[in-house]
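Biologist: Could you take me through one part of this protein close up? I'd like to hear how the nonpolar inside is put together, and what sits around it.

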Amino acid sequence: MIKKVFAQHFSWFWHPKVKPLKRRAARAMKHLQPIQNNTSRIKPKDRLLMTVGRDDNPRIPYFLEYYRKLGINHFLFVDHMSESPMADILVGQDDVSIWRTEQNDSDAGSGVDWINALLSRYAVSHWVLTVDLDEFFVYPFMESRSFDDLLAFHDDIEKPCMFTMQVDMYPEGLIASNQVPIGESPLKYAPFFDRDGYLQSKGNDLETCVRGGPRMRMLQATTTDHLPLLNKTPLIKWRARYAYSNRTHVAFPPLLNMAHQKYHVPTGALLHFKLKELEGYVLYGSNSARYIGSQSLVEANLMTPGGWK
């Protein structure tokens, strides 16, 4: 029954918002200048990663190390007007393709048009992670089960996506920028997260929306309306009928964004290490928990293995 439901909604359904997003992406493609295009090296079963960044070069060495170890075979980078070009670090790496753009991100839907353009051209039929350079994907049992095991489970139930929650990470002391030495894990310097204080609702397209966490706690927000979304769908087996709308917070068709708790499928998390608006604050407190592995987030009910036992 589960396979039938997913097959109906993900195989042939065209959501009316997808085609306008595709047209925008086609126009944005002309603003992407290829610096190093190794996409001819992509094999049919390769796992891809898509990212857009600006002035984040110090993060790149560990980012590549982490995701190569996870099981990513090819990286698609968009350099958005970095003062120190990403190419300084990435050129010569066979599993990396790079594009640079001078287009204003507000003219490209906060960068979503670049993402859709490259995914439409290179990611169809591939499992692809779309993440920022300060985000690290985690999933239940990842210490003992491989990324391929996770994807095989999703392929088996014919569910082409994985819902995740962005989990803001912070140190025991003051939040500060550029505190992680090049090549080192940010988790070593910011190992704490809020164990609760997250609110879930439904969006306009019935997607699962999550807000809250340390931003709500420290900014003493009385409503979550103006807080950033923490729900994301970064892992998708891409198809021609798919498109992102609000970065990875919202994808179409909308069923890609639902936690699907009633179907007992696993959910994951993105450990997030950039909190510019909270620099100078001390977030550590009674609501803090130390991340010591994927089970930390399962025990806090921030992700679940669902039926993947």
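Modeller: Sure. When I say two residues touch, I mean they have heavy atoms within 4.5 Å. Keep in mind that this is a predicted model.

Let's start at Leu297. Leaving out residues up to four places away in sequence, Leu297 touches Val138, Val167, Phe193, Ala269, Leu271, Tyr291, Leu302 and Met303. Leu297 is also among the residues with the most contacts inside the largest nonpolar core, alongside Tyr67, Phe77, Leu129, Phe137 and Phe147. That core has 53 residues, and helix α3, residues 60-70, gives the most to it, with seven. There's a second core too, separate from that one, with 28 residues, including Leu48, Ala117, Val128 and Ala251. As a general point, nonpolar side chains in soluble globular proteins tend to be buried together.

Now for a charged residue: Asp194, in strand β8 (residues 192-194). Asp194 counts as buried because its relative accessible area is 0%, and the cut-off for buried is under 20%. Setting aside neighbours within four places in sequence, Asp194 is in contact with Tyr170, Gly213, Pro214, Arg217, Asn287, Ser288 and Leu302. Leu302 is a name you've met already, as one of the residues that Leu297 touches.

Finally, the outside. Leu174, Val282 and Tyr284 make a nonpolar surface patch of about 270 Å². Val282 lies in the loop between β14 (268-272) and β15 (288-290). With a relative accessible area of 40%, Val282 is partly exposed.

Note on methods:
Residues numbered from 1 in each chain as written. Predicted model: local features only at pLDDT ≥ 70, side-chain atom pairs only at ≥ 80, totals over all residues. Heavy atoms only, no water. Core = buried A, V, L, I, M, F, W, Y, C linked by side-chain atoms within 4.5 Å. Buried < 20%, exposed > 50% of the residue type's maximum accessible area, 1.4 Å probe, protein only. Helix = DSSP H or I, 4+ residues; strand = E, 2+ residues; numbered from the N terminus. Patch = residues over 30% accessible without salt bridge, like charges linked within 9 Å, V, L, I, M, F, W, Y side chains within 5 Å. Areas by Shrake-Rupley, 256 points an atom, 1.4 Å probe, with all protein chains shown as cover. Salt bridge = Lys/Arg side-chain N within 4 Å of Asp/Glu carboxyl O.
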